[in-house]
Amino acid sequence: MDDKLLKKYRKYANTDEAFAVLFVKKHLAEAKGHWVDILGCRRYEKSSDNLHFKFVSGGLYKRKIQPQYPPKSEYTTDGKFDERRYDLTIRAITWETAHKDIEQQKSKKMASRKFKITGISYDKNRSNKDFFREDAPPEIMALANNLNDRTNPLWDKALQYANKPEFVYEIKKVCIN
């Protein structure tokens, strides 16, 4: 396996574009059997999930070239199969094949199916006006009557019952031609 290809693929695998391809494969059934060409994307930077995007747009190209994978025997040493190395190699070859195929189709002015997926992230507790959750004991709930007075020793325990933001991610719109 070409070490240059593996190095290039590893660098690519941590980009927003790579996560956008996974996002499209997850949320767009029409992507099956196609290469995904990302034209634009924007992630929710504050989200810990790499698959939370404000939008992803691009094109779908029919797979014309099929990747040629090495035999698994090349990744077996002393009867032990190195699955991690093999999977990385397969992904790198697939990535390289996709880019070659897309570039060839673009050079021949072949049209792709255009798509745009938009998503939204919001705090599902944003409309909750209560400082404490409903499951807080009555003595803790009473502290909400004067939130500026933090002298009560119950405050040490009370903050574990505070309503905290809980972010939810949803797909808002999927457009495909």
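Trainee: Why is C41 called partly exposed?

Mentor: This is a predicted model. In it, C41 has a relative accessibility of 26%. Buried means under 20%, and exposed means over 50%. The value for C41, 26%, falls in between, so C41 counts as partly exposed.

Trainee: And what makes C175 partly exposed?

Mentor: Use the cut-offs again. C175 has 35% relative accessibility. That is neither under 20% nor over 50%, so C175 counts as partly exposed.

Trainee: How do you know that C41 is not bonded to another cysteine?

Mentor: Start with the term. A disulfide is a covalent bond between the sulfur atoms of two cysteines. Here the two sulfur atoms must lie within 2.5 Å. The closest cysteine sulfur to that of C41 is in C175, and it is 17 Å away. That is too far, so there is no bond.

Trainee: What does a search of the whole structure find?

Mentor: It finds zero disulfides. C175 is in none either; its nearest cysteine sulfur belongs to C41, 17 Å away.

Trainee: Where is C175, and what does it touch?

Mentor: C175 sits in strand β6, residues 167–176. Setting aside residues up to four places away in sequence, C175 touches K114, F115 and K116. Now take N148. It is 27 residues from C175 in sequence, and their C-alpha atoms are 49 Å apart in space.

Trainee: Why is A92 called buried?

Mentor: The limit for buried is under 20%. A92 has a relative accessible area of 0%, so A92 is buried. It lies in helix α3.

Trainee: Which residues does A92 touch?

Mentor: L5, L6 and Y9, once residues up to four places away are left out. Y12 is also worth a look. A92 and Y12 are 80 residues apart along the chain, yet their C-alpha atoms are separated by 9.6 Å.

Trainee: P70 is in a loop. What makes it buried or exposed?

Mentor: The accessibility decides. P70 has 15%. That is under 20%, so P70 counts as buried. Its loop runs between β2 (53–62) and β3 (76–77).

Trainee: Which residues is P70 in contact with?

Mentor: Leave aside its neighbours within four places in sequence. P70 is then in contact with Y75, Y86, T89, I90 and I93. The C-alpha atoms of P70 and I93 are 9.5 Å apart, with their places 23 residues apart in sequence.

Trainee: What makes the phi of D78 worth pointing out?

Mentor: Most residues other than glycine have a negative phi. D78 is not glycine, and its phi is near 50 degrees, a positive value. D78 is found in the loop between β3 and β4 (80–81).

Trainee: Why is D78 called exposed?

Mentor: Exposed means over 50%. D78 has a relative accessible area of 77%, so D78 is exposed.

Trainee: What is the phi of K109, and where is this residue?

Mentor: Phi of K109 is near 60 degrees, again a positive value in a residue other than glycine. K109 is in the loop between α3 (83–107) and β5 (113–123). Its relative accessible area is 74%. That is over 50%, so K109 is exposed.

Trainee: Now the whole chain. Which elements does it have, and in what order?

Mentor: It has five helices and six strands. From the N terminus, they run α-α-β-β-β-β-α-β-α-α-β.

Trainee: How do you know that the chain does not match a compact globule?

Mentor: Set the two values side by side. A compact globule of 177 residues would have a radius of gyration near 16 Å, but this chain has 25 Å. Its C-alpha atoms fill a box of roughly 70 × 50 × 25 Å along the principal axes.

Trainee: How much of the chain is buried, and what does it expose?

Mentor: Of the 177 residues, 33% count as buried. The chain exposes about 12200 Å², and carbon and sulfur atoms supply 49% of that.

Trainee: What about contacts and charges?

Mentor: Take contacts between residues at least 6 apart in sequence: 71% of them join residues at least 24 apart. For charges, there are 36 positive and 25 negative side chains. The centres of the two sets lie 7 Å apart.

Conventions:
Residues are numbered from 1 along each chain as its sequence is written. Side-chain values use heavy atoms; hydrogens and water are left out. Helices (H or I, at least four residues) and strands (E, at least two) are DSSP runs, numbered from the N terminus. The radius of gyration is taken over C-alpha atoms; the globule rule is 2.2 Å times the number of residues to the power 0.38. Buried means under 20% relative accessible area, exposed over 50%, partly exposed in between (1.4 Å probe, protein chains only). Contact means heavy atoms within 4.5 Å. Accessible areas come from the Shrake-Rupley method with a 1.4 Å probe; for residues, only the protein chains shown count as cover. Lys and Arg count as positive and Asp and Glu as negative; His and the chain ends are not counted. The place of a charge is taken as NZ of Lys, CZ of Arg, CG of Asp or CD of Glu.
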